[in-house]
Amino acid sequence: MLRNFLLLLSILFCSSVVCSGWERSYVLPAWLEGTESPVLLLNGVWDFKYSQEGRWTDIRVPGEVAMQGFAIMHDTPFFYRKSFEVPADYAGKRIFLRFDGVYSHARLSVNGNYVREHHGGFTRWETDITSWVHIGKKNTVMLEVTDRLDDISYASGYAHHPVGGILRDVTLFALPEPHLYDINIMTSLDSLYQDAGLEISCGFDGQEHTEVELLLKDKYSKSVPLKQSRFTLSRGMNNFVLPVRRPLKWDAEHPNLYELTVNVSHKGKKVCHFTREVGFREVRISGNRMLVNGHPVKLRGACRHDIHPILGRTTTAELDSLDALLFKQANMNFVRTSHYPPTERFLSFCDRYGIYVECESAVCFVDTYRQKNYRPGDSQDNPVFSHQYLDQCKEMVNSFSSHPSIILWSIGNESRYGENFKKSYEWIKQTDHSRPVIFSWPGTAKVNKVYDVLSMHYPNSQGDVSNFGVTIRNFDNRNIPVLFDEWAHPACYTYTTLQTDPNIREFWGKSLDLMWSRLFDASGGLGGAVWGYVDETFALPAPKVGEAYWKDFARTSKPTDCPGNCIGYGEWGIVDVWRRPKPEYWSTKKAYSPIRLLTSANLPFKSGRELILTVHNRFDHTKLDEIRASYTYKGVTKPLELDAVNPHDKGMVLLPPEQWEEGEKVVIEFSTVAGEIIDVYCFTLGTERITYPPLLSEHKMSVIDRGDRISVTGRDFDFPFNKTTGLIVNATVGGQVLIEKGPFLNLELNLNHLTGAEVRKKSKYFMIDPTDWKMTSFDYRQQDKEVSVYLSGSYQEVKVDFHIRITAVGEISVSYKAVGIPNGFLRESGISFYLPENLDHLEWKRKGYWNYYPDGEFAGNEGQVLLYASKQACYGEKPVQPWYADTHDYYYWGDAGTDCRRPLTRMAKGMKENIYYYILSAGKEDAHQLSVISQEASVACRVNKPMDEQLVLYANNRWDYPEIAWGNYCKTLEAVPCYGCVELRIR
């Protein structure tokens, strides 16, 4: 009782006396008078205790607890401890402890003294601990942390496991006794967008006779003259406005940054200084457009989570930098920090690289999609939770408002409106007049408008969507900018497809291309953000303490045949957790390209004359003559001069006269001045020349009755047909088996297409099972140079007629027609063959969606790959190869990996659409080959290996991915009628 009473007194005292300053934000000093190191990073090994009664052990900070083998329980505290020495030269200074993110409820003690509590796992909180530390001596910090079920961020809910722990950096720092807090640096531009005002506000705690000196340098380290540079500080808030003449402006395409140094002096003696990067820019809403520095912008981006492959919901300086760089390299100019604020480090990289940011508060799924076992479902109007909404909102804005990259504040994700959102919106509007605010779902805010930009999620590829009564058509709105800050969701819930045919990821690229092109022409369409940038999977280890109870506790979409410790929402990223680009990454770079050549892949030409191509400049602030261009013809690369086509306008690209020749390729490359590739196009002059696999030498054919089979033979080949099944069995060329069995009808269709966004398992479908085949008739006709086989049979209720034509030169055509199938939306229709495993080499040429792919790309227009060449990393270990060379992942397959003894690589089993040829062989130069040929590029091929280890070739005349969902593009092909023809060659 006494302990509880003292604790209550401590909390009451803290609330009434000290806590009023705890929502303050500070800038770390670059120099502090009298100290050697004013900033100390306390990351590394900490003591950890699983429970009050447990023993202390080691743990890594920052990082999730569960990702390090401790199966923490919701609403049950666990403990951190760190001992360190406060430097003796901190004497006479104010000493602060900063946590950049602790999920989700923390109670801080210093040297045995309870100091404070904090709610919220993703905002920075700083505590003045001067009164509790011993200078020059050992000090101990203890943190009691609880992963609470009622946290308003719901982060453990959508991570499908308790993410509790110290997730971000821990820092000890000192400031002088007279010091600044809540430092906010804003800029304004005049009506001509030439001259600027540098607006600085800050709080001041300290004595009289303290002043600041402001020094400004441009990106060339040249001093910028200021009309006034010294100001005397008063207690409380101070505001200064400095005119700056013709500064270089900051935007995502010209991230010009200035360095502001702030010197703090007391009684004429300098006591500390810090620096901040400044970007002169203005964000304004005008009608249904957003203007940056007076220019309308279009936001092309993705939603980003903090994800570390080993430590879970955390990040590092390396990952923050790499993510910003990968965004830029994918032609993205926008990031939504879903569903919580990022580290300040990441924002600094966005400032430097040039990325617009929607910075989101950590409020998520309130009264919408929360699992019932997480509380509360409806905190939006509950005054008990008001301080959590407001405190985290204030911490976010106070910490980050000086970053020019932030152009939008978000007060929450996919939640129903309530009074707590209203308070958050009103506080931001009173505090920051320079940025608009966004809220999703806006349709639930029917009483008070708490947004300046309309947030809409998951339009279809035509730009139509309705959310809670708000409807958008054609990506447009006449009255307010519309930002689709979740759109073009990559496939991640279609488990079977992702296991057997990862090409659904390449197919997705057309969705983003269609959506971005259509939105770009919609005046009220502000932009879109792909959900998401990085995979949302956690390779949890088997717990060394506790039980992994969350497997049953959290509602997940994983089928029962995909067990394992790797959990989360799914692999929805355009990169994986190790930041390896996936097929979606190249499609994102192409779809979001700010330079679009509006020309078909086949160029008309006249030799000796210039080539003229139409170009659309989709930059917002860049004229085309600011970038570099070149073209390559017959192996020779030459520079291209580009006209000064204005942003959002169309113009021409002229290639000078050459002796152009039919069938030759012209590659055009656009890059930044620094040499970063923006986009590459590859055009064919006239008609493309295709070199198909050669035919066999012509020879007389014969049909031999061998008792149980009929053999069709020619020069060096033998095609036996089983008399009982009518199927080809062990067809050979030069004695080598190329076809073990077939043909089979390949038919799969979706019976309930477009069932909604949450297609988490394979929807109701119909498939042909080859084991159901029953022959009803078999006949053949022989001519001198070819043999025709007529085969009829059924797969239960489905009846099929095959016409198999074999020529003397090794051509095989298989025509088919089927009746009795249920109508639905087609997934695949074609034929399949069982193949021998020694066919381990694949070569293809195709007419891809993009006319250029880098060498080795997952779904390139041409390529070669070994079916089985993989150095698959073990569960939880770092991969040593590209994503496409893996055979499987541990989210969709489980920790044990695939069920197949010798699985195919992803590149090998991904369907190759619109092939000219698709060649399977044993990989040697003189090896025999089985090829699928399509001179019209109208066939798609893939191989697969199920549990029985049988290698299967699928050759499809029609195909689609109706299970892709989320409004993404699909062909919506009806399965009926079902017929087609596939051409093959042997050699």
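**Aromatic pairs, cysteines and a pocket**

Reader: Are Phe475 and Trp487 buried or exposed in this structure?
Author: The model is a predicted one. A residue counts as buried under 20% relative accessible area and as exposed over 50%. On that scale Phe475 and Trp487 are both buried.

Reader: How many aromatic pairs does the whole structure hold, and of which kind is that of Phe475 and Trp487?
Author: The search of the whole structure gives 56 aromatic pairs. In the pair of Phe475 and Trp487, the ring centres are 6.0 Å apart and the planes stand at 85°. Planes over 60 degrees apart are put in one class, so this pair is edge-to-face.

Reader: How many residues apart in sequence are the parts that this pair ties together?
Author: Phe475 sits in the loop between β33 and β34. Trp487 belongs to strand β34 itself, so the distance in sequence between the tied parts is twelve residues.

Reader: Tyr875 and Tyr890 also pair; which of the two is buried?
Author: Their rings are edge-to-face, at 5.5 Å centre to centre and 75° between the planes. Both lie in the loop between β58 and α12, 15 residues apart. The limit for buried is under 20%; Tyr875, at 22%, is partly exposed. At 15%, the residue that counts as buried is Tyr890.

Reader: How many disulfides are there, and which cysteine has the sulfur closest to that of Cys202?
Author: The whole structure has zero disulfides. A disulfide needs two cysteine sulfur atoms within 2.5 Å. Cys202 is buried, at 3% relative accessible area. Its sulfur is 11 Å from the closest cysteine sulfur, too far for a bond, and that sulfur belongs to Cys272.

Reader: How many residues of helix α4 are buried, and which residue follows the helix?
Author: Helix α4 covers residues 344-353, and seven of its ten residues are buried. Among them are Phe346, Leu347 and Phe349, together with the charged Glu344 and Asp351. The helix is followed by a residue whose phi is positive, near 95°: Gly354.

Reader: Which strand is joined to both β5 and β8?
Author: Strand β5 has eight bridges to its antiparallel partner, with Phe84 opposite Asn139. Strand β8 has six bridges, also antiparallel, with Val110 opposite Val141. Asn139 and Val141 both belong to the strand that joins β5 and β8, which is β11.

Reader: What is the volume of the largest pocket, and how many charged residues line it?
Author: The largest pocket holds about 1100 Å³ of space. Of its 46 lining residues, those closest to the centre include Thr496, Asn944 and Met947. By class, the lining has 22 nonpolar residues and twelve polar ones, and the number of charged residues is twelve.

Note on methods:
Residues are numbered from 1 along each chain as its sequence is written. This is a predicted model: local features need pLDDT of at least 70, side-chain atom pairs count only at pLDDT 80 or more; totals for chains, interfaces and linings use all residues. Side-chain values use heavy atoms; hydrogens and water are left out. On a 1 Å grid over the protein atoms alone, a cavity is a set of points where a 1.4 Å probe fits but cannot get out, and a pocket is an open set with protein on both sides within 12 Å along at least five of seven lines; lining residues have an atom within 4 Å of a point. Grid points are joined across faces, edges and corners, and a volume is the space filled by probe spheres set on the points. Two strands pair if DSSP finds at least two bridges between them. Helices (H or I, at least four residues) and strands (E, at least two) are DSSP runs, numbered from the N terminus. Buried means under 20% relative accessible area, exposed over 50%, partly exposed in between (1.4 Å probe, protein chains only). Rings of Phe, Tyr and Trp (its six-membered ring) pair if their centres lie within 6.5 Å; planes under 30 degrees apart count as stacked, over 60 as edge-to-face and the rest as tilted.
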